[in-house]
Amino acid sequence: MRFPSFVLACAIGSVLGAETAGQAPAAIQTPSSDSSAGPAAYSCGAPTTPPPTSGRGVQPVFPAGQYPVSLPAASLLGARNDLPNPYQPGADWGQLPPGRKWGSTASITTAPDGTIWVVDRCGNSGAGGTTCGGASRTVNPIFQFDTSGKLLKKIGAGLFVSPHKLTVDDAGNLWLADNGSHQVFKMTSDAKVLLTLGKKGVAGPGTDEFDAPTEVAVAPNGDIFVADGHTGGGTAIGNARIVKFDKNGKFIKTWGKKGMGPGEFDVPHTLVFDSRGRLFVGDRQNNRIQIFDRDGKFIAQWFQFGRPSGLYIDKKTDLLYVADSESRDGRTNTGQLGLPQTGYGFNPGIRRGIRIGSARDGSVKYLIPDPCPYPYAGGSSLAEGVTVDAAGNVYGADFLMDVRKFILTRGPNRTAARH
């Protein structure tokens with residue numbers, strides 16, 4: 001079934017102009033004095049020390065927009081770089097308690113009541129490990145906001161080791177994948193634990209074990225699907241599977257293994273259901289989305305949305321939002337390699353950012369480009385998690401310690417009707 005183009009036009013709005021391949025993204029701004037952005041939020045992952053030297057001295061640094069290699073109109077795997085962007089530049093978002101700044105985060109999601117939930121690593125930078133351990137055990141990592149960014153609730157202190165992604169089910173329950181403890185938690189909105197899956201501190205391939213689970217999706221009948229795991233991207237170690245349980249946490253089945261074939265995975269990092277009950281899996285190290293039915297039958301694979309760190313599907317329109325925060329090809333503008341040209345994150349010729357299109361036919365219509373200049377200096381930038389509100393505004397959760405809101409453009413020649 002094709003997704004009619006007029007539905008996308010109504011849902012997103014008509015757009016004038018676009019960033020084309022080879023043009024520089026919007027200028028990188030600096031945080032305001034009252035911003036909740038963490039210290040790395042505007043670094044683009046660039047090192048704070050000067051570039052390395054060689055026998056011939058410091059290597060050249062090319063000004064923005066003058067790097068001798070330009071991005072093509074489409075990446076080598078077919079993700080477009082020349083799509084229109086109908087959103088204002090991202091603005092720091094979320095009114096945190098006094099003295100609290102965002103830590104690294106991969107998680108932002110919209111609840112059925114329209115509120116926005118965010119999870120960070122207890123104000124710390126990093127992923128995995130014990131970011132919410134030690135002195136950070138008293139720090140709340142889970143926040144609920146209204147769409148203006150007003151803080152409604154802060155919860156979760158002392159419950160997690162290193163939280164990854166949060167899901168809110170249709171009943172308002174919270175599901176958190178903690179890749180530091182290798183566990184999944186079901187909680188009330190006040191952080192009362194209702195169900196725990198996995199063994200704390202035990203990484204394994206068993207039916208009651210995980211190895212750094214990344215996200216949970218809950219089917220309409222209550223079945224639980226867990227993306228497992230985050231360990232060993234680009235290597236032979238770690239789990240690479242989807243694990244299915246019934247609503248009570250009883251194991252049903254698992255599918256997937258390390259690999260690149262249909263139904264195989266390498267860092268299944270995010271997952272979500274569309275309106276037809278199909279399971280979309282962000283198979284990140286393979287730079288693709290894989291689509292399955294609820295029994296694990298392979299349906300399709302899509303490369304055109306980029307390297308998926310975060311997925312969100314609007315169930316009313318089946319608009320698919322995909323956050324690509326990691327695509328890289330090893331180039332730097334210092335004249336020296338700063339990242340491997342193969343291996344983890346290798347996805348050449350692509351603009352990082354948030355791509356938006358149809359979950360029904362796979363067409364990609366829009367791109368919110370990463371404002372960091374190509375070639376990217378660090379391992380991650382812009383949104384690793386993504387969600388959208390009822391007005392069509394997009395929210396991104398950044399590993400580089402920030403949450404940003406992208407407001408859908410409105411004006412005399414641009415409509416934002418959502419019908």
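In strand β19, F298 is the bridge partner of F292, and that pair is a handy place to start looking around. Keep in mind that this is a predicted model. From here we'll go through two hairpins and a four-stranded sheet.

**The β18–β19 hairpin**
- The F292–F298 pair belongs to a bigger match-up: β18 (residues 288-292) and β19 (residues 298-302) run antiparallel and are joined by four bridges.
- Five residues sit between these two strands, and in this hairpin G296 takes a positive phi near 90°.

**The β12–β13 hairpin**
- Here β12 (residues 213-218) and β13 (residues 224-228) pair up in the antiparallel sense, with five bridges between them.
- One spot to find is P213, whose bridge partner in β13 is D228.
- This hairpin also has five residues between its strands, with G222 taking a positive phi near 95°.
- How much of β12 is buried? Five of its six residues are, so the strand counts as mostly covered, with buried meaning under 20% relative accessible area.

**The four-stranded sheet**
- Next comes an open sheet of four strands, lined up as β8-β9-β10-β11 with antiparallel pairing.
- Which strands sit at the edges? They are β8 (163-168) and β11 (193-197), each of which pairs on one side only.
- Going from one strand to the next, the twist averages 20°.
- Within this sheet, β10 (residues 183-187) pairs with β11 over four bridges, in the antiparallel sense.
- To find your way along that pairing, look for V184, which stands opposite L197 in β11.

Technical notes: Residues are numbered from 1 along each chain as its sequence is written. This is a predicted model: local features need pLDDT of at least 70, side-chain atom pairs count only at pLDDT 80 or more; totals for chains, interfaces and linings use all residues. Side-chain values use heavy atoms; hydrogens and water are left out. Two strands pair if DSSP finds at least two bridges between them. Axes are lines fitted to C-alpha atoms, for helices over the stretch in contact, and angles run from 0 to 180 degrees between N-to-C directions. Buried means under 20% relative accessible area, exposed over 50%, partly exposed in between (1.4 Å probe, protein chains only).
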